[in-house]
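Student: I have a structure to study, and I should like to work through it by question and answer. May we begin once it is in view?

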Amino acid sequence: MRYILTLLAFLILIGCGSSSEPTDVSYKSTFIVFNARNVSNDMKIQIEYNNINDYNKTIRYSKQDSHEIWWYEDDDITIKYAQDDNLATSFPIIQKLKGKYLICSLGNSKNSTLPLAIPPIDAKDIHEQKAYIKIINAINDGIEKRVYINYESDKSDFTSFNNISEKFYIDAASNSLVYLQYKNQDTPFMFDDSINFDAKHTYFIIIYEKRNSPDKPQIAIVDMTP
């Protein structure tokens, strides 16, 4: 009888443990930072997590960095940006999402434009057989631009400064050729390096000025795949 009572007590304890509250679920976001603003001052980024400094970096021109944060639903994440004495901002991440955020400064010393803050790409928009592409025009010369990939088979719409193109898809391929066309020119400019674009991946192509030759565009490829 004593053994039966002991067994019953053990089973009751197991039952009580299984009915306890489930633990909170955490999520991961990656913040990619790219400096496409052609000025002498570097881009300063700070990320506060629940009012504590979790990341503080200075990003040189045409360079990028990234930082991962694991968060819970009730956590607070705030981005702080500064690049010139009169150009700074702070904004909270209101809708926290899993995946990759992009913080991209843009322009030059002739304008004071705050950076673009782009949320993660929705996984349902990713194509099984193709690569997902968007273009950011960070050159402030008053001319809209678009991108050709692999000659003229796929291209974005013309995109103005401080804007992001609509998404488009390309056939995934290694050693793809990337061209840039200015709206007032017929002949597109081809970049020297060939790019690999993978299926089921998402990419942002950032068009920015060459440091000492602003009339010669450069591109950066940022992988935004969730």
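Tutor: Let us settle one term beforehand: contact means heavy atoms within 4.5 Å. Please keep in mind that this is a predicted model.

Student: Leaving aside neighbours within four places in sequence, which residues is Ile206 in contact with?

Tutor: The general background is that in soluble globular proteins, nonpolar side chains tend to be buried together. Ile206 is listed with those that have the most contacts inside the largest nonpolar core. Once neighbours within four places in sequence are left aside, its partners are Phe34, Ala36, Leu102, Cys104, Ile136, Ala138, Gln218, Ile219, Ala220 and Val222.

Student: How many residues does the largest nonpolar core have?

Tutor: Several strands take part: strand 1 (27–38), strand 7 (99–108), strand 8 (116–118), strand 9 (130–137), strand 18 (202–210) and strand 19 (213–223) each supply at least two residues of this core. Phe34, Leu102, Ile136, Phe204 and Ile206 have the most contacts inside it. The number of residues in the core is 20.

Student: Is Thr30 buried or exposed?

Tutor: Thr30 lies in strand 1. Not counting residues up to four places away in sequence, Thr30 touches Ser66, His67, Glu68, Gly99, Lys100 and Tyr101. Buried means under 20% relative accessible area. Because its relative accessible area is 11%, Thr30 is buried.

Student: Which strand gives the most to the lining of the largest pocket?

Tutor: The lining consists of Phe189, Met190, Phe191, Asp192, Asp193, Ile195, Lys210, Lys216, Pro217, Gln218, Ile219 and Ile221. Strand 16 (189–190) and strand 19 each supply at least two of these residues. With five residues, the one that gives the most is strand 19.

Student: How many nonpolar, polar and charged residues does that lining have, by class?

Tutor: The residues to sort include Phe189, Asp192, Lys210 and Gln218. For this sorting, Phe counts as nonpolar and Asp and Lys count as charged. The lining of the largest pocket then has seven nonpolar, one polar and four charged residues.

Student: What volume does the largest pocket have?

Tutor: Rolling a probe the size of a water molecule over the atoms shows where empty space is left. For the largest pocket, the volume is about 270 Å³.

Student: How many salt bridges does a search of the whole structure find?

Tutor: Side chains of opposite charge can pair when their charged atoms come close. One such pair is Glu68 and Lys28, whose side chains meet in a salt bridge at 3.6 Å, N to O. This pair links distant parts of the chain, with Glu68 in strand 4 (residues 64–71) and Lys28 in strand 1, 40 residues apart. In the whole structure, the number of salt bridges found is nine.

Student: Are Arg37 and Asp84 buried or exposed?

Tutor: Arg37 forms a salt bridge with Asp84, and their closest N and O atoms are 2.7 Å apart. The two belong to distant parts of the chain: Arg37 is in strand 1 and Asp84 in strand 5 (residues 77–84), 47 residues apart. As for accessibility, both Arg37 and Asp84 are buried.

Student: What is the N to O distance in the salt bridge between Lys130 and Asp171?

Tutor: Lys130 counts as partly exposed because its relative accessibility is 26%. Asp171 also counts as partly exposed, at 47% relative accessibility. Their side chains meet in a salt bridge, and the N to O distance is 2.4 Å.

Student: Phi of Asn51 has a positive value; what is it near?

Tutor: Most residues other than glycine have a negative phi. Asn51 is in the loop between strand 2 (43–49) and strand 3 (52–59). Asn51 counts as exposed because its relative accessibility is 66%. Its phi is near 65°.

Student: Where is Asn150 found?

Tutor: Asn150 is likewise a residue other than glycine with a positive phi, near 55°. At 24% relative accessibility, Asn150 counts as partly exposed. Its place is the loop between strand 10 (145–149) and strand 11 (154–155).

Student: What distance separates the C-alpha atoms of Asp141 and Lys110?

Tutor: Asp141 is found in the loop between strand 9 and strand 10, and Asp141 counts as partly exposed at 35% relative accessibility. Asp141 and Lys110 are 31 residues apart along the chain. Their C-alpha atoms are separated by 9.9 Å.

Key: Residues are numbered from 1 along each chain as its sequence is written. This is a predicted model: local features need pLDDT of at least 70, side-chain atom pairs count only at pLDDT 80 or more; totals for chains, interfaces and linings use all residues. Side-chain values use heavy atoms; hydrogens and water are left out. A nonpolar core is a set of buried Ala, Val, Leu, Ile, Met, Phe, Trp, Tyr and Cys residues joined through side-chain atoms within 4.5 Å. Buried means under 20% relative accessible area, exposed over 50%, partly exposed in between (1.4 Å probe, protein chains only). Helices (H or I, at least four residues) and strands (E, at least two) are DSSP runs, numbered from the N terminus. On a 1 Å grid over the protein atoms alone, a cavity is a set of points where a 1.4 Å probe fits but cannot get out, and a pocket is an open set with protein on both sides within 12 Å along at least five of seven lines; lining residues have an atom within 4 Å of a point. Grid points are joined across faces, edges and corners, and a volume is the space filled by probe spheres set on the points. A salt bridge is a side-chain nitrogen of Lys or Arg within 4 Å of a carboxyl oxygen of Asp or Glu.
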